[in-house]
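Q: Could you take a close look at one part of this model for me? I would like to understand the second chain and the way it meets its partner.

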Amino acid sequence: MLGEHGFFILACYGVSALVLGALALWIIVDGRLVRRQLEELEARGVRRRSAGRADT
Amino acid sequence: MALMDLANPTRFLALSGRVLPWLTGLALATLALGFFLAFRAPADYQQGETVKIMYIHVPFAWLAMFGYSMLAVSALGILVWRHPLADVAHKAMAPIGAVFAFLCLFTGSLWGRPMWGTYWVWDARLTSMLVLLLLYLGLLALRSAIEDPNQAGRAAAVLSLVGFVNVPIVKFSVDWWNTLHQPASVFRMDGPTIHPSLLWPLMICALGFTLLMLALHMAAMRTEIHRRRLRVLEARAAAEAAYA
């Protein structure tokens, strides 16, 4: 289906999917870790001066 | 409402929280459609099936340059308006742009081997794209080398503005010098030279990757805003503990 150069095509798509997947995973995991630490501090009563405003 | 009011970190978090799931879904759906069309598109009369690499290599190249252009715009926001969201946008884009620049070089190298007989040549297009990747990596290294975040942001902004001169060099390198890399075949004064049966899947894949980059950037910006809030709270907690 992909001809004699199928290895090169599959390697391009495979590595791109892996690298982009790793980037997305890193961004998601990093975001969750930071938010968890933020929530822990807020649960201990440490708040920003402007914490009354609605955040998401 | 002024534009500067919209660029408020709290407002950005609220807005991006609603937009991000839709943007991510749209990016993945567009990419799925793009790949479906790409793998149904005919083989190129010269390159055969290896033209399938074009559907990812070309968007990676465009987005590596687009990402750096966004860095330059953010750098202006840091240096001219001193806007905190500009620094957040700048810091969040650097690793994402670096990944797209790396993938452009990687897929180009694997495309070059069967077509040119070599993985790499030091021609102007390949070399200037390698310089773009090194600029991204330099920005990441610079930020991590300077402890004060404000100083690191300003230094990175200056470097990204100086490095922006490389973006038109990447784009026009194939016109200014004799290169093994082919000249532009989509964005040309006389129109694209690619047949529509190959061009449409390429444009849809490019749109999908653009939406994906924007979604990743938005998510990374949200994390960076939270990280800065965390730093403030940690400093406050430490100060309260010291006074207690």
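A: Happy to help; what follows goes from the chain as a whole to its contact side, and then to one proline.

Please keep in mind that this is a predicted model. Chain B has eight helices and zero strands, so its elements, read from the N terminus on, run α-α-α-α-α-α-α-α. Its C-alpha trace spans about 75 × 35 × 30 Å along the principal axes. Of the 244 residues in chain B, 39% count as buried. Among the contacts in chain B with a separation of 6 or more, 78% are between residues 24 or more positions apart.

Now to the side that touches the partner. The contact draws 33 residues from chain B and 27 residues from chain A. On the side of chain B that touches chain A, the elements giving two or more residues are α2 (9-40), α4 (84-116) and α8 (196-243) of chain B. Of these, α8(B) gives the most, with 14 residues. Sorted by class, this side of chain B has 18 nonpolar, seven polar and eight charged residues.

Finally, a single residue is worth a visit. B:Pro149 is found in helix α6 of chain B, which covers residues 149-163. B:Pro149 counts as partly exposed because it has 14 C-beta neighbours inside 10 Å, whereas a buried residue would need 20 or more and an exposed one 12 or fewer. The C-alpha atom of B:Pro149 is separated by 9.7 Å from that of B:Arg228, although the two are 79 residues apart along the chain.

Definitions and conventions. Residues numbered from 1 in each chain as written. Chains lettered and ligands numbered in written order. Predicted model: local features only at pLDDT ≥ 70, side-chain atom pairs only at ≥ 80, totals over all residues. Contact = placed C-beta atoms within 7 Å. Helix = DSSP H or I, 4+ residues; strand = E, 2+ residues; numbered from the N terminus. Nonpolar A, V, L, I, M, F, W, Y, C, P; charged D, E, K, R; others polar.
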